[in-house]
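User: I would like to learn how to read a few features of a model. Please give the general idea first, then the case at hand.

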Amino acid sequence: MSTVVPPSPAPGVHVSAAPQHHPAQAPAAPARRPRLRALDGLRLIAALMVVAFHWTGVNRYPEIWGGAPQKLMPDLHRFTAYGFLGVELFFMISGFVICMSCWGRTPRQYFTSRVVRLFPAYWVAIILSALVVNYAATARPSRSHLSKSDIFTNFTMLQQPLGVSEVDPVYWTLWVELRFYLVFAVVVALGLTYRRVLSFCGIWMVLAVVAGQSDMALLKMFAMPEYAPYFIAGVAMFLIYRFGVNWLLLGVVGFSWLVAQHMLLGTKGSYEYGVMHKLSWNVMAGFSLLAFGIVLAIALGAFDRIQWKWLTVAGALTYPVYLLHQEIGFALITWGRNNGVGVYPMLALALAAILLLAWIVHRYAERPLSALLKRMLDAPGLSLPKHDPPVRRRAGDPAAAVPAPAGAPEPARAHAEGHGR
């Protein structure tokens, strides 16, 4: 997560006070904004909420614990049954962070940053999780083995639209993230400005609301009515962070929550299938409001004093923890149950193991692979040429078989005519 320096304000937008320089004066170095370490910590909290939900909130896999978590740990389950709300928090943070990290970047830089961020840790997690699902003695019996084709397809991150099962069920959210990146790429291609991004938020919200009652599958796929309010709110909160607060941006955030709380009615029913009991909309809406408020407070600078360096490490571990925790965590818990480890000691042991594995993956796989992938994607050969390159001739082909490009300047014609001689 990079430090952001506010640019010149858009017309009519209030910006926090900053040093002003007269044209005759030498420009001073812009003041550096503090790193949003609180946002790093919030990402880890969201990841741990999802971990807690899958390990102790879901009652549909009693074979993992040898019984339903609701009966084995009722006090804990009462809270962790709502841990799935960490996903919605993830989406809101993603809207904030993507807009922040891509401001001022070219479309190619945007593409490179997303590929480098998403794929290295994901590829490693696929390998580790597939090994556990297919070969670990403690893999959950209700999970069918993965075919080689299924595993290879998962490497594309497009397994859901291709109709292939995820190596780990939690990967479904990655398809949601990818669709957000594709939609946001339109604004990146035009160039990120305050007005364009704000217009993007408004247009997307209208399409998301309309898509909810539409029969157009393609519109629903990219408008994402269930999740759009969180991404839009995150983007609007970044605009507050970058340009300063005003009533228009606050209105976008508030309107996003009003739509989000309605969408929670559908979310409630889908997650009741996993927890196998009723969930409270009041709790869900209350947590959603709290999450909106915390991210907004971060955007307004309320947590700028929190600069604990370990939060940066926590933020870096968030993605590997999310990718690795379910199938591998289930196998660890099953092993502990088979060996007589108590419920709460096993939870602590499994969490420590996943955190350690996530750190190993981040330090020794994600970081070096990301650096390698970035060098490959930044290579000049991957840039799109403005004109077609010269036609390549094979040895022995007549020179006349290689026509010069129409309207090409003389040097290009000479090169084409003499190519391969």
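What follows is a short dialogue on overall make-up, one helix and one residue.

Analyst: This is a predicted model, where local features need pLDDT of at least 70, side-chain atom pairs count only at pLDDT 80 or more, and totals for chains, interfaces and linings use all residues. Residues are numbered from 1 along each chain as its sequence is written, and side-chain values use heavy atoms, with hydrogens and water left out.

User: How many helices and strands does the chain have?

Analyst: Helices (H or I, at least four residues) and strands (E, at least two) are DSSP runs, numbered from the N terminus. The chain has 16 helices and zero strands.

User: Where does helix 14 bend?

Analyst: The bend at a residue is the angle between axes fitted to the seven residues ending there and the seven starting there. Helix 14 bends by about 55° at histidine 325. The expected span of a helix is 1.5 Å times one less than its number of residues. For the 29 residues of helix 14 (residues 310-338) a straight helix would reach 42 Å, but the end C-alpha atoms are only 35 Å apart.

User: Is threonine 80 buried or exposed?

Analyst: Buried means under 20% relative accessible area, exposed over 50%, partly exposed in between (1.4 Å probe, protein chains only). Threonine 80 has 8%, so this residue is buried. Threonine 80 lies in helix 4 (residues 74-80).

User: Which residue shares a side-chain polar contact with threonine 80?

Analyst: A polar contact is a pair of N or O atoms within 3.5 Å; within protein, one must be able to donate a hydrogen and the other to accept it, and residues adjacent in sequence count only if both atoms are side-chain atoms. Here the partner is threonine 56, at 2.8 Å.
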